[in-house]
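Thanks for coming. I will put the structure up and then go through the sheet, the cores and a few ring contacts.

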Amino acid sequence: MPAKDELTRRRYEKLVERLESLMRAALKPEYEGYYGQLILGADDLAEMGELKDVRRAAREAGQRLSWKTTTRLVGGRLFVLDEREVPERIERLAGDAAAAAMDRFWEESRRLRLT
């Protein structure tokens, strides 16, 4: 039985490392680690194992990244979110980026309608 426990522990640790890597890769450097999120689809979840284990591993991976991690299952997808308070300057930067993205979208859709 101890060999099984060791195997289970190693699998779990690999899952935490994988999730941490995915979460880190999803971060935008300009936000200095804030606004973290990871969305895992049904196929990803099926591959990773039991939902309760994935959620627990995601919370542990989030702790390693200093996130205040929460998980939400919506429509077969698992959302892993950082709910820390965001510094005002980062919030402003993200707001400006979102506004610029909306401006680009509206400009592009306007151009498409005119042609």
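How many bridges join E1 to E3? Four bridges do, and the two strands run antiparallel. Before going on, this is a predicted model: local features need pLDDT of at least 70, side-chain atom pairs count only at pLDDT 80 or more, and totals for chains, interfaces and linings use all residues. Residues are numbered from 1 along each chain as its sequence is written, and side-chain values use heavy atoms, with hydrogens and water left out.

Some terms for the sheet. Helices (H or I, at least four residues) and strands (E, at least two) are DSSP runs, numbered from the N terminus. Two strands pair if DSSP finds at least two bridges between them.

Now the sheet as a whole. It is open and has three strands, in the order E1-E3-E2, with antiparallel pairing. E1 (37–40) and E2 are the edge strands, each pairing on one side only. From one strand to the next the twist averages 15°; axes here are lines fitted to C-alpha atoms, for helices over the stretch in contact, and angles run from 0 to 180 degrees between N-to-C directions.

On the other side of the sheet order, E2 (residues 69–74) and E3 (residues 77–82) are antiparallel over six bridges. Two residues separate them in a hairpin, and Gly-75 in that turn has a positive phi of about 55°. For register, Thr-71 has Val-80 of E3 as its bridge partner, and Arg-72 has Phe-79 of E3. From E1, Leu-40 is bridged to Leu-78 in E3.

In a regular strand the side chains alternate between the two faces of the sheet. Which residues of E1 are on its covered face, and which on the uncovered one? Leu-38 and Leu-40 are on the covered face, Gln-37 and Ile-39 on the uncovered face.

Next, the helix on the sheet. H3 (residues 51–64) lies across E1, E2 and E3 and runs at about 150° to E2. Contact here means heavy atoms within 4.5 Å.

That brings us to the cores. A nonpolar core is a set of buried Ala, Val, Leu, Ile, Met, Phe, Trp, Tyr and Cys residues joined through side-chain atoms within 4.5 Å. Buried means under 20% relative accessible area, exposed over 50%, and partly exposed in between, with a 1.4 Å probe and protein chains only. The largest core has 18 residues, and Leu-19, Met-23, Leu-40, Val-54 and Val-80 touch the most other members. H1 (2–26), E1, H2 (42–48), H3 and E3 each supply at least two of its residues. H1 gives the most, with five.

Take Val-54 as an example. Leaving out residues up to four places away in sequence, Val-54 touches Leu-15, Leu-19, Leu-40, Leu-45, Met-48, Gly-49 and Leu-78. There is also a second, separate core of five residues, including Tyr-34, Val-86, Ile-90 and Ala-94.

On to the rings. Rings of Phe, Tyr and Trp (its six-membered ring) pair if their centres lie within 6.5 Å; planes under 30 degrees apart count as stacked, over 60 as edge-to-face and the rest as tilted. How many aromatic pairs does the structure hold? It holds two. In one, the rings of Tyr-31 and Tyr-35 have centres 5.7 Å apart and planes at 70°, so they are edge-to-face. Tyr-31 counts as buried because its relative accessibility is 8%, and Tyr-35, at 38%, counts as partly exposed. The rings of Phe-105 and Trp-106 are also edge-to-face, with centres 5.2 Å apart and planes at 70°. Phe-105 is partly exposed at 48%, and Trp-106 is partly exposed at 45%.

Two arginines sit over tyrosine rings. The criterion is NZ of Lys or CZ of Arg within 6 Å of the ring centre and within 35 degrees of the ring normal. The charged end of Arg-56 is over Tyr-12, 4.1 Å from the ring centre, and Arg-84 is over the face of Tyr-34, at 4.2 Å from the ring centre.

Last, two leucines of H4. Leu-93 is in H4 (residues 88–114) and is partly exposed, at 37%. Beyond neighbours within four places in sequence, Leu-93 is in contact with Glu-30 and Tyr-31. Leu-114 is also placed in H4. Buried or exposed, what is Leu-114? Leu-114 is exposed, with a relative accessible area of 73%.
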